[in-house]
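Colleague: Before I use this model, I should like to ask how several of its descriptions are justified. Please set each value against its definition.

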Amino acid sequence: MKGEGAERDRLLKEIAKCRACRFCVDVCPTYQASGGVESYCAYGRLQITKYLLNGTLAFDDALTYCLYSCLQCRRCEVMCKSKGQNLDICDILGRGRRLLSQRLAEEGNDAKL
Ligand code: SF4
Ligand code: SF4
């Protein structure tokens, strides 16, 4: 897809601003509901998005569920911004999901999403 590489690079650059401080973890309702699984908080979802975008990880059902179970409630984002890290987490996750969905559709795997 034309422009995919540029958008992927923009997203990876934004994700790289995450300082792994984990201030966003405890406020996340899906992290709480999971009983403390880091893949279900903003920090974990950003890392999963990064590794899927750069090809380190391949899509599977568990990773797909991690990304799509985000409620987009922005509690993590408020915490991230209040601590001075300033990531637009929901925007990054939304754009990442869109890009990865397009990639899968082009590869003929759209049934997975
Ligand atoms: S609060 Fe922001 S900078 Fe810190 S781990 Fe979470 S997303 Fe990354
Ligand atoms: S927007 Fe997603 S990652 Fe952030 S606190 Fe809400 S459910 Fe968790």
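Modeller: Let us start with Arg-74, which sits in the loop between helix 4 and helix 5. Helices here are DSSP runs of H or I with at least four residues, strands are runs of E with at least two, and both are numbered from the N terminus. This is a predicted model, in which local features need pLDDT of at least 70 and side-chain atom pairs count only at pLDDT 80 or more, while totals for chains, interfaces and linings use all residues. Residues are numbered from 1 along each chain as its sequence is written, and chains are lettered from A and ligands numbered from 1 in the order in which they are written.

Colleague: Why is Arg-74 called partly exposed?

Modeller: A residue is buried if 20 or more other C-beta atoms, placed from the backbone, lie within 10 Å of its own, exposed if 12 or fewer do, and partly exposed in between. Arg-74 has 15 C-beta neighbours inside 10 Å and therefore counts as partly exposed.

Colleague: What makes Gln-72 exposed?

Modeller: Gln-72 counts as exposed because it has 10 C-beta neighbours inside 10 Å. Gln-72 also lies in the loop between helix 4 and helix 5.

Colleague: What is notable about the phi of Gln-72 and of Arg-74?

Modeller: Most residues other than glycine have a negative phi. Gln-72, although not a glycine, has a positive phi of about 55°, and Arg-74, not a glycine either, has a positive phi of about 70°. Gly-55, just after helix 3, takes a positive phi of about 85°.

Colleague: Why is helix 3 described as mostly covered?

Modeller: Nine of the 12 residues of helix 3 are buried, including Tyr-43, Ile-48 and Leu-52. The buried residues pack against helix 1 (4-15), helix 4 (61-68), helix 5 and helix 6, where contact means C-beta atoms, placed from the backbone, within 7 Å.

Colleague: How do you know that the span of helix 3 is close to the expected one?

Modeller: The expected span is 1.5 Å times one less than the number of residues. Helix 3 reaches 16 Å from its first C-alpha to its last, close to the 16 Å expected for its 12 residues.

Colleague: What describes the crossing of helix 3 and helix 6?

Modeller: The two axes come within 10 Å and cross at roughly 35°; axes are lines fitted to C-alpha atoms over the stretch in contact, with angles from 0 to 180 degrees between N-to-C directions. Helix 3 passes helix 6 in a left-handed crossing, a term for a near helix turned anticlockwise from the far one by less than a right angle, clockwise being right-handed. Among the residues that meet are Leu-46 and Thr-49 in helix 3 and Leu-93 and Gly-96 in helix 6.

Colleague: Which residues surround the two ligands most closely?

Modeller: A residue is near a molecule if its C-beta atom, placed from the backbone, lies within 6 Å of it. For ligand 1 there are 15 such residues, the closest being Cys-18, Cys-21, Cys-24, Cys-80 and Gln-85. Helix 3 gives the most to this shell, with three residues. Ligand 2 is surrounded by 16 residues, of which Cys-28, Ala-42, Cys-70, Cys-73 and Cys-76 are the closest. Helix 2 (29-34), helix 3, helix 5 and helix 6 each give two or more residues to the shell around ligand 2.

Note on methods:
Two residues are in contact if their C-beta atoms, placed from the backbone, lie within 7 Å.
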